[in-house]
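Colleague: I would like to learn how to read a model of this kind feature by feature, beginning with the chains as wholes and ending with single residues. Could we take each idea in general and then look at the case at hand?

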Amino acid sequence: MSSSTTSKRTTSTPDGQGRQRLLLAIGGLVVLAFIVGIAVLSTGERGSRVTTEDLAGNPAIEGEPLAPGGQDQPNDPEVGSQAPVVTGADFDGTPVTIGEPGTPQLLMFMASWCPACQEELRSVSPWLAEGGLREDVALVAVSTGLDDTRPNWPPDEWFESEGFEYPVLVDDADGSVASAYGLTATPFWVGLDAQGQVVARAAGMLPVDQIQVLADAVAGGPA
Amino acid sequence: MTPVLERIFGLLALMALVVAVGGVVALARGRVPAWLRDDVALPLATAIAAVATGGSLYLSEVAGYLPCALCWYQRIAMYPLTLILGVAAVRHDRRVWLTAVPIAAIGAAVAVWHIVIERNPALAGPCDPTAPCSIRWVEEFGFLTLPTMALIGFLAIIVLTLVARPATTDAR
């Protein structure tokens, strides 16, 4: 480096420079120790908490898995395919089944750590609580992406805090149910008709009016 | 361990913010103390880049917080700054701002967009199941998320390298 690009020492003597640097170094260490002390004292111990393994379900999946999709709704090749039938349970152990022929279903795949899911549930829950969804369509949430290292854990408390009162099928720790339905991103919506065939899949947030359109589509027409 | 380190990173970010504001005031007044310009600015900028680099590696490799695409762009800006500023600090190369400021400015711009996405998840679209950019892995004191800390780091580096540049005037 040429002399024009390097500084010239301005402190008077080498001793003075050394003393100044020593003081700065000591000051820096004191500040660092202070910060570490504050951090240790202000961070409480996290008690025993529910782990992914504690919460994960053990759903049984029957049928061919759907190909990944939901990003390009009009051209989803799985429309008309028979959806896998999944038998699992809610957070409290209540049996929940999805994909079974009988009643048209809306499936709402949610990950508690996903900010888009958080916004979606916040907007959908009040609408559902007011009876916004037609009665001949069953709505089931699937709690997937279980990961106790991520924010907004555990998901059962999240669903409860948002006032969501519909069944929640708990995925396993590997996200097998999500994979079986071809989830590519969350939130992820799947509409199934009364025969258990895929009517539509959508990755991303759906406003309430689009959920109503999807509900009408799975039910075979407007209510 | 991780919660304590997250708190330490948050506190260090607050300190870096204070340093950046102090540096801006000194620059605005056109009176930069010689001790700050000659002995402190570049080593401190190096320390900020090194802590940001080490912190991001700890959070991804040890704590398991997967970096998203925007995190990677900020890493691409921050990691080389550790070396660039470190070499400049050792060699007293006070013209390093010519290299460091553009890199840090790019990193800061990405961090700003990342913060916007964090605050408005709808802008980011649906969540990537592995590493969504809208997820807030860390949120200290209610506002210090990882891109916020990165933004503060980039701004502090910009200010400190400008403080160290040769054209500044000594304070009496």
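**Reading the two chains**

Modeller: Let us begin with contacts in chain B of this predicted model, where residues 24 or more positions apart account for 80% of the contacts with a separation of 6 or more. In chain A the corresponding share is 72%.

Colleague: Which helices and strands does each chain have, and in what pattern do they follow along the sequence?

Modeller: Chain B has six helices and zero strands, and its pattern is accordingly written α-α-α-α-α-α. Chain A has six helices and eight strands, which read along the sequence as α-α-β-β-β-β-α-β-α-β-α-β-β-α.

Colleague: What does the radius of gyration of each chain say when it is set beside that of a compact globule?

Modeller: The general idea is to ask what value a compact globule with that number of residues would have, and then to look at the chain itself. For the 172 residues of chain B the expectation is near 16 Å, and because the chain has 16 Å, the two agree; the C-alpha atoms fill a box of roughly 55 × 30 × 25 Å along the principal axes. For the 223 residues of chain A the expectation is near 17 Å, but the chain has 27 Å, and its C-alpha trace spans about 90 × 45 × 35 Å along the principal axes.

Colleague: How should I read burial and surface for the two chains?

Modeller: A residue counts as buried when its relative accessible area is under 20%. By that criterion 53% of the 172 residues of chain B are buried, and 43% of the 223 residues of chain A. The accessible surface of chain B comes to about 7400 Å², with 71% belonging to carbon and sulfur atoms, whereas chain A exposes about 11000 Å², of which carbon and sulfur atoms supply 53%.

Colleague: And where do the charges lie, taken as two sets?

Modeller: Here one compares the centres of the positive and negative side chains. Chain B has 12 positive and 10 negative side chains, with centres 12 Å apart, while in chain A the mean positions of the 10 positive and 30 negative charges are 28 Å apart.

**Strands of chain A**

Colleague: In what sense do strands E2 and E3 of chain A pair, and over how many bridges?

Modeller: One reads the direction of the two strands and then the residues that stand opposite each other. Strand E2 (residues 85-89) of chain A pairs with E3(A) in the antiparallel sense over four bridges, and Thr87(A) stands opposite Thr97(A) in E3(A). The hairpin has five residues between the strands, and there Gly93(A) takes a positive phi near 95 degrees. Strand E3 itself (residues 95-98) has a covered face, made of Val96(A) and Ile98(A), and an uncovered one, made of Pro95(A) and Thr97(A).

Colleague: How does the pair E4 and E5 of chain A run, and how covered is E5?

Modeller: Strand E4 (residues 105-110) of chain A runs parallel to E5(A), and six bridges join them; one of the pairings sets Met110(A) against its bridge partner Ser143(A) in E5(A). Strand E5 (residues 138-143) is mostly covered, with five of its six residues buried.

**Backbone exceptions and one loop residue**

Colleague: Which backbone values deserve a second look?

Modeller: Most residues other than glycine have a negative phi, and most peptide bonds are trans. In the loop between E5 and H4 of chain A, Asn152(A) has a positive phi of about 60 degrees although it is not a glycine, and at a relative accessible area of 32% Asn152(A) is partly exposed. The loop also holds Pro154(A), and the peptide bond from Trp153(A) to Pro154(A) is cis, with omega near 0 degrees. Another cis bond leads from Thr186(A) to Pro187(A), with omega near -5 degrees, and Pro187(A) lies in the loop between helix H5 (176-180) and strand E7 (188-192) of chain A. In chain B, His92(B) has a positive phi near 55 degrees.

Colleague: Is Glu64(A) buried or exposed?

Modeller: The cut-off for exposed is over 50% relative accessible area, so Glu64(A), at 64%, counts as exposed. Glu64(A) sits in the loop between strand E1 (60-62) and E2 of chain A and, leaving aside residues up to four places away in sequence, touches Gln82(A) and Pro84(A).

How values were computed: Residues are numbered from 1 along each chain as its sequence is written. Chains are lettered from A and ligands numbered from 1 in the order in which they are written. This is a predicted model: local features need pLDDT of at least 70, side-chain atom pairs count only at pLDDT 80 or more; totals for chains, interfaces and linings use all residues. Side-chain values use heavy atoms; hydrogens and water are left out. The radius of gyration is taken over C-alpha atoms; the globule rule is 2.2 Å times the number of residues to the power 0.38. Buried means under 20% relative accessible area, exposed over 50%, partly exposed in between (1.4 Å probe, protein chains only). Contact means heavy atoms within 4.5 Å. Accessible areas come from the Shrake-Rupley method with a 1.4 Å probe; for residues, only the protein chains shown count as cover. Lys and Arg count as positive and Asp and Glu as negative; His and the chain ends are not counted. The place of a charge is taken as NZ of Lys, CZ of Arg, CG of Asp or CD of Glu. Two strands pair if DSSP finds at least two bridges between them.
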